[in-house]
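Grab a pencil and work through these exercises with the structure in view. Try each task yourself before you read its solution.

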Amino acid sequence: MINTVLGKKKIEDLGYILPHEHIFIDLTNEFSEPKNPEMAKICYDEISLKNVGYIKLNPYLMKDNFILDNEDIMTDELKIFKAHGGGTIIDNTNIGINRDPLKLKRMAEKTGVNIICGSGYYTGDTFPSDFSEKRENDIAEEILNEFRYGISVGLGGQMSIPPSSLRPQIPKSLNDFSGTLGGDATPQTYGLGGQDCKIFPGIIGEIGTSKVISENEKKSLCGAAIACKELHAPMQVHLHPWGTTGIDVINILKPFNLDFEKVVICHTDVELNIEYMEKLLDMGVYVQFDNIAKEFFIPEAGGYADGPFASDRERCVCIKKLCDKGYASQILLSNDICLKQMLHNYGGLGFDYILVTFKEMMKFYGVSHSDINKILFENTINWLKK
Ligand SMILES: [Zn+2]
């Protein structure tokens, strides 16, 4: 069983799952004004057919691109996903990038798509101002409490720690969580002024790390690792999309003796470094190609952006090579939709792109039927289930 925003559901009943998406998000922390003076003039405009061409290759040029907040548009996008055979979306929007579990609940009710939401903190530039005062055990406890009590939406989806007298014993497994411990304890009863929405996270993540992993990010990751170990919960770790910090992340996680079959290393498909990916895979984690449909070229390095993206054709070739080396059961695929331009409503390819097009592309580049089946269906279920 796993927590969806509408309650527990059997993992076998989730249908086709996208493991790493964002239905609502505010990623404006990644925006900085472009140096090109003509682009600077329009960078605060709303996206329209007239200007969407500018962000086709460089998504970082317009601030509006980084906000997904319109319920009607996202309802439409999810319905399209469902019409093409989609079953479940794992929404990785967590603390710092505008998590809103009640909005997700409305989306699930309106569209019939299962939605699973995440817990824990995003990258350091989005941490709350008091983050430095937290210890890694506090962070672990915050995550554990979300699985126990539900997310406190009155506090903007922020996590909060009840006094120790109200903290129940840590259960031994994830199945002992929300159902039995959601009970009578609410944020009001422990005086936090929040509104208990009885919506429980299903995964930990995406836990944010930056180009250089800061001490605070390390603490956030360690806290998440403690909770991951306690709950045996699935976890996603966000990496700076360029570079090889996955190795650093694994080294930080190692002392916690996690089951690496529960850990997903995200964003490994921006630069396709096979040797690096093999090192990660040999540690037993899942490697996630979650930039499917993003074929960006960013001419102006600076701000968050740090270089070009691989193309989908190159991703298919890389997936084929990894399958040939025997890693097919450790690869996950997703679009990481976090930009307006990726939606059908803004001329993009939407949540259905992998099922409609990318699957065919993998076939064309020689990935076998059985490996495609693993990558699209079996692996995500195994990651959630084991
Ligand atoms: Zn991410």
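Helices (H or I, at least four residues) and strands (E, at least two) are DSSP runs, numbered from the N terminus. Residues are numbered from 1 along each chain as its sequence is written. This is a predicted model, where local features need pLDDT of at least 70, side-chain atom pairs count only at pLDDT 80 or more, and totals for chains, interfaces and linings use all residues.

**Exercise 1. Find Ile97 and decide: is Ile97 buried or exposed?**

Step 1: place the residue. Ile97 lies in the loop between strand S6 (86-91) and helix H4 (101-111).

Step 2: get the rule. A residue is buried if 20 or more other C-beta atoms lie within 10 Å of its own, exposed if 12 or fewer, and partly exposed in between, with C-beta atoms placed from the backbone.

Step 3: apply the rule. Ile97 has 24 C-beta neighbours inside 10 Å, so Ile97 counts as buried.

Step 4: look at the company. Two residues are in contact if their C-beta atoms, placed from the backbone, lie within 7 Å. Leaving out residues up to four places away in sequence, Ile97 touches Ile25, Asp26, Leu27, Tyr122 and Thr126. Thr123 sits 26 residues from Ile97 in sequence, and their C-alpha atoms are 9.2 Å apart.

**Exercise 2. Work out which strands pair with S8, and how.**

Step 1: two strands pair if DSSP finds at least two bridges between them.

Step 2: check one partner. Strand S7 (residues 114-119) runs parallel to S8, joined by two bridges. Ser119 has Ile204 of S8 as its bridge partner.

Step 3: check another. S8 and strand S9 (residues 235-238) are parallel too, with three bridges. Here Ile207 is matched with Val237 in S9.

Step 4: follow the chain. S8, H7 and S9 form a right-handed β-α-β unit. Right-handed means that, with the strands pointing away from the viewer, the path from the first strand over the helix to the second runs clockwise.

Step 5: ask how enclosed S8 (residues 203-208) is. Six of its six residues are buried, so the strand is largely enclosed by the rest of the structure.

**Exercise 3. Describe the surroundings of S11.**

Step 1: take the two faces of S11 (residues 286-289). Tyr286 and Gln288 on one side are buried, and so are Val287 and Phe289 on the other.

Step 2: find the neighbours. S11 pairs in the parallel sense with strand S10 (residues 263-265) over two bridges, and Ile265 stands opposite Val287. To get from S10 to S11, the chain passes through helix H9 (residues 274-282) in a right-handed β-α-β crossover.

Step 3: add strand S12 (residues 331-333), which pairs with S11 in the parallel sense over three bridges. Gln288 faces Leu332 there.

**Exercise 4. Does the length of H10 fit its residue count, and which of its residues are buried, or not?**

Step 1: the expected span of a helix is 1.5 Å times one less than its number of residues. For the 13 residues of H10 (residues 312-324) that gives 18 Å, and the end C-alpha atoms are 18 Å apart, which agrees.

Step 2: list the buried residues of H10: Asp312, Arg315, Cys316, Cys318, Ile319, Leu322 and Cys323.

Step 3: look down the axis. The buried residues fall within an arc of 165° (taken from the directions from the helix axis to the C-beta atoms), so they line one face of H10.

Step 4: see what covers them. The cover includes H9, S11, S12, helix H11 (353-364) and helix H12 (369-385).

**Exercise 5. Hunt for unusual backbone spots.**

Step 1: recall the usual pattern. Most residues other than glycine have a negative phi, and most peptide bonds are trans.

Step 2: check the bond between Gly205 and Glu206. This bond is cis, with omega about 0°, and Glu206 belongs to strand S8.

Step 3: check His232, in the loop between H7 and S9. Its phi is positive, near 50°. With 15 C-beta neighbours inside 10 Å, His232 counts as partly exposed.

Step 4: check His267, in the loop between S10 and H9. His267 also has a positive phi, about 60°. With 25 C-beta neighbours inside 10 Å, His267 counts as buried.
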